[in-house]
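Work through the exercises below with the model open. Try each task before reading its solution.

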Amino acid sequence: MALKPARILAIESSCDETACAILENGRALLSSVVASQMEIHARYGGVFPEVASRQHVLSITSVVEQALTQAHLTLKDIDAIAVTQGPGLAGSLVVGMNMAKGLALGSGLPLIGVNHLEGHLYSAWVYNSDERAPAEPQFPLMVLLVSGGHSELNLMTDHLTYQRLGSTLDDAAGEAFDKVARMLELGYPGGPAVQKSAEEGDPNRFKFPRAWLDGTWDFSFSGLKTSVLYEVRELQKKSGSLPVADLAASFQKAVIDVLYKKTMDAAREFGAKEILIAGGVSANRPLRQIFKAQTEFPVHIPPLSLCTDNAAMIASAGYYRFALGHISQLDMDVLPTWPLS
Ligand code: KG4
Ligand code: ZN
């Protein structure tokens with residue numbers, strides 16, 4: 001079925017990135033601007049919510065203007081406004097939502113609320129408009145969504161249609177990376193720091209536990225995190241110094257082993273045609289490598305610039321909601337649940 005053409009302007013401000021993007025027909029990216037607050041929050045070792053909201057207020061207008069300028073467009077060329085509705089930090093979300101509401105009211109354009117997690121998985125549909133379109137993901141798709149706040153396996157049987165198979169019982173994969181980075185004094189954000197340190201380390205030096213949770217598609221990373229903590233304390237007592245790279249590599253391998261095996265098992269069990277991996281942790285190089293190298297399934301992983309938070313992914317999810325007529329009346333007081341249907 002051919003979907004109606006549309007140009008979407010999307011805004012994302014759920015955490016510590018103020019972002020705006022313009023996307024054509026759900027896939028072709030005309031512009032994407034991301035104002036990162038990473039350096040500011042690094043001082044605190046994590047995202048400071050009050051500071052994040054204030055930064056969004058400072059950046060949002062110029063981020064939207066830049067996205068329009070880079071695409072050589074004005075609001076008259078846009079068909080609908082999409083915005084991240086949740087989940088996220090309330091004080092941060094509200095800044096993007098109010099900007100989107102203002103734009104929609106001022107221009108008479110429809111307003112589409114997008115779930116941030118749905119956005120992450122639609123990042124796999126996006127490509128730069130000056131490049132050739134890569135193959136579109138095919139349903140049924142096994143989706144591994146791994147971000148700072150979520151780790152989930154979803155079976156996607158069609159656009160906007162998900163069956164959640166399992167999720168984390170405690171820490172999300174990204175959260176575990178961030179906490180272990182703090183233990184190893186590697187700084188913030190933790191994921192890239194652990195990955196970098198792990199490049200110099202031996203992933204087999206420490207045998208950290210893998211929570212397989214057999215018989216379920218759920219994840220658990222808090223036991224692994226605690227195990228790293230005990231090892232760190234033990235080593236500090238014994239010698240005072242830490243083999244940081246070996247600890248980082250062994251921890252990272254434990255996370256990847258579980259994410260890889262459970263996703264592969266689920267893809268086979270549910271008869272998926274292809275695999276899609278999205279969310280901040282999908283930027284992890286060894287995770288990308290194992291999925292590209294060791295699977296019989298075509299695997300879709302967004303380019304690095306679209307793994308972490310951005311507005312292009314919100315524009316893509318917003319487009320499919322718009323084109324398929326799944327637009328909820330955006331109620332600013334209600335955050336949508338996940339999965340959405
Ligand atoms: O999707 P995202 O940008 O924000 C949320 O929606 O949560 O994900 C951020 C998470 C952080 O926990 C960060 O440490 C992790 O993604 N992350 C990584 C890497 N890059 C970002 N984890 C492992 N390896 C990476 N290279
Ligand atoms: Zn995110």
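**Exercise 1.** Determine how helix α5 and helix α6 pack, and which residues make the contact.

*Solution.* Step one: locate the helices in this predicted model. Helix α5 covers residues 173-183 and helix α6 covers residues 190-198. Helices here are DSSP runs (H or I, at least four residues), numbered from the N terminus. Step two: take the geometry. The angle is about 65°, and the axes are 7 Å apart. Axes are lines fitted to C-alpha atoms over the stretch in contact, and angles run from 0 to 180 degrees between N-to-C directions. Step three: find the hand. α5 passes α6 in a left-handed crossing (the near helix is turned anticlockwise from the far one by less than a right angle; clockwise would be right-handed). Step four: list the contact (heavy atoms within 4.5 Å). α5 supplies F177, D178 and A181, while α6 supplies G190, G191 and V194. Step five: sort these residues. Three are nonpolar, two polar and one charged. Ala, Val, Leu, Ile, Met, Phe, Trp, Tyr, Cys and Pro count as nonpolar, Asp, Glu, Lys and Arg as charged, and the others, Gly among them, as polar.

**Exercise 2.** Find the relative direction of α5 and α8, then describe their contact.

*Solution.* The packing angle is about 175°, with axes 11 Å apart. α5 is therefore roughly antiparallel to α8 (the term applies to angles over 145 degrees). From α5 come A173, A176, F177 and V180; from α8 come F251, Q252, V255 and L259. Seven of these residues are nonpolar, one is polar and none is charged.

**Exercise 3.** Repeat the analysis for α7 and α8.

*Solution.* α7 spans residues 222-239 and α8 spans residues 244-269. They pack at about 165°, with axes 11 Å apart. The two helices are therefore roughly antiparallel. Their crossing is right-handed. L224, V228, E231, V232 and L235 of α7 meet L247, F251, A254 and V255 of α8. Eight of these residues are nonpolar, none is polar and one is charged.

**Exercise 4.** Which residues come nearest to ligand 1, and which atoms pair with ligand 1?

*Solution.* Around ligand 1 are 18 residues (a heavy atom within 4 Å). H120, G148, D178, G191 and Q195 come nearest. Now check polar contacts (N or O atom pairs within 3.5 Å). A polar side-chain atom of H120 sits 2.8 Å from a ligand 1 oxygen. A backbone N or O atom of G191 is 2.9 Å from an oxygen of ligand 1. An N or O atom in the N284 side chain lies 3.0 Å from a ligand 1 nitrogen.

**Conventions.** Residues are numbered from 1 along each chain as its sequence is written, chains are lettered from A and ligands numbered from 1 in the order in which they are written. Local features need pLDDT of at least 70, side-chain atom pairs count only at pLDDT 80 or more, totals for chains, interfaces and linings use all residues, and side-chain values use heavy atoms, with hydrogens and water left out.

Technical notes. Angles under 35 degrees count as roughly parallel, over 145 as roughly antiparallel, 65 to 115 as roughly perpendicular and the rest as oblique. A polar contact is a pair of N or O atoms within 3.5 Å; within protein, one must be able to donate a hydrogen and the other to accept it, and residues adjacent in sequence count only if both atoms are side-chain atoms.
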